[in-house]
Amino acid sequence: MRIEIVPYLKDNYGYLVVCEKTNVCAIVDTGEAAPILAAVAKHGLSPSVIWSTHHHPDHTAANEDVAKALKITEITAHTSDRGRVPGQTRELRDGETFSFGSFAVRALHVPGHTMGAVAYFVSDGDERAVFTGDTLFVAGCGRLFEGTPEDMFNSMRELAELPGDTRVYCGHEYTEANLRFAANVEPDNAAVSAAIARAKTKRAGGAPTVPSTIAEELATNPFMRAKNAVELGQRRSRKDTFK
Ligand SMILES: [Zn+2]
C-alpha cells in the first residue's frame with residue numbers, strides 16, 4: 001500500500017491510495033482539483049474512484065471536476081449524504097466491506113462532525129490505514145456541527161477498536177494546536193509531550209504530521225481518551241474557544 005499525501009487549500013489533506021500489486025488508485029477527498037490532478041500526473045497514477053469522507057465543500061467541491069478530468073465513474077459516500085456529496089454514485093452503509101485491488105476496505109459510519117461521515121479502513125496483509133476525514137484528527141476530533149457528543153463518543157470508540165498499528169490519515173493539519181489543547185487537558189501525559197516534540201520537528205521541516213497511528217491516538221488524543229460522552233462534550237466545548 002502506497003499513500004501519497006496531497007496538501008490543498010490552507011491546511012487540508014487529500015490522499016492517493018495506491019495498490020502497487022494491481023496498479024489501482026483511489027482518491028480520498030477533493031476540495032481543490034489542481035493539486036490532486038498535479039499529484040496524479042506526477043506519480044503517473046490512474047485513479048478509478050473517489051472516496052468522500054463527508055459532504056463539506058473543502059472535501060468534495062472538486063469531485064465532479066476531478067472525476068471528469070480523470071474519467072472516474074465511481075464516487076462513494078455515506079448513504080445519508082446522497083444529495084450533499086457532488087457526483088456521488090455509490091451509497092455506503094455502516095460496516096460495508098468491498099475489495100479494491102488487493103485491499104480489503106471497510107466503510108465505518110462515524111457521525112459527529114457531520115451525520116454522514118465515513119472513515120475508510122483499508123487493509124492489505126499486515127498493512128492497515130484509516131482515512132478519517134474531519135472525525136478523528138491527529139490528537140483531536142472535528143467540531144460537532146451536526147452530531148451530539150454521544151455520536152462522536154461512539155465514533156471514537158469504533159475507531160479505537162481498530163488495530164493499534166493502523167495508520168491514521170485525517171483531513172487537516174491541525175496537530176500542533178490539537179496537542180496544545182491535549183497538554184492543557186492532561187499536563188502530566190508524557191505521551192503528549194513526546195508527540196509535541198515530534199510534531200514540532202516535522203512541521204519545522206515543512207513535513208506533514210500525518211500519519212499517526214490508532215495506538216498513538218489512544219495515548220494522546222483527549223477525545224479518544226474521554227471516559228464518556230459527557231466528558232467528550234465538555235472537552236469539545238472547551239476546545240471550541242481554546243487558544
Ligand atoms: Zn468537515
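User: Which residue in β3 is the bridge partner of Cys19?

Analyst: In this predicted model, Cys19 has Val24 as its bridge partner in β3. Residues are numbered from 1 along each chain as its sequence is written; local features need pLDDT of at least 70, side-chain atom pairs count only at pLDDT 80 or more, and totals for chains, interfaces and linings use all residues. Side-chain values use heavy atoms, with hydrogens and water left out.

User: What makes β2 and β3 a pair of strands?

Analyst: Strands are DSSP runs of E with at least two residues, and helices are runs of H or I with at least four, numbered from the N terminus. Two strands pair if DSSP finds at least two bridges between them. Five bridges join β2 to β3 (residues 24-28), and the two run antiparallel; therefore the definition of a pair is met. They form a hairpin with four residues between them, and Asn23 in the turn has a positive phi of about 65°.

User: How do you know that β2 is largely enclosed by the rest of the structure?

Analyst: Buried means under 20% relative accessible area, exposed over 50%, and partly exposed in between (1.4 Å probe, protein chains only). Eight of the eight residues of β2 (residues 12-19) are buried, so the strand is largely enclosed. Asn12, Gly14, Leu16 and Val18 point one way, whereas Tyr13, Tyr15, Val17 and Cys19 point the other way.

User: Why is the protein called as compact as a globular protein of its length?

Analyst: The globule rule is 2.2 Å times the number of residues to the power 0.38, and the radius of gyration is taken over C-alpha atoms. The rule gives 18 Å for 243 residues and the radius of gyration is 17 Å, close to that value, so the description applies.
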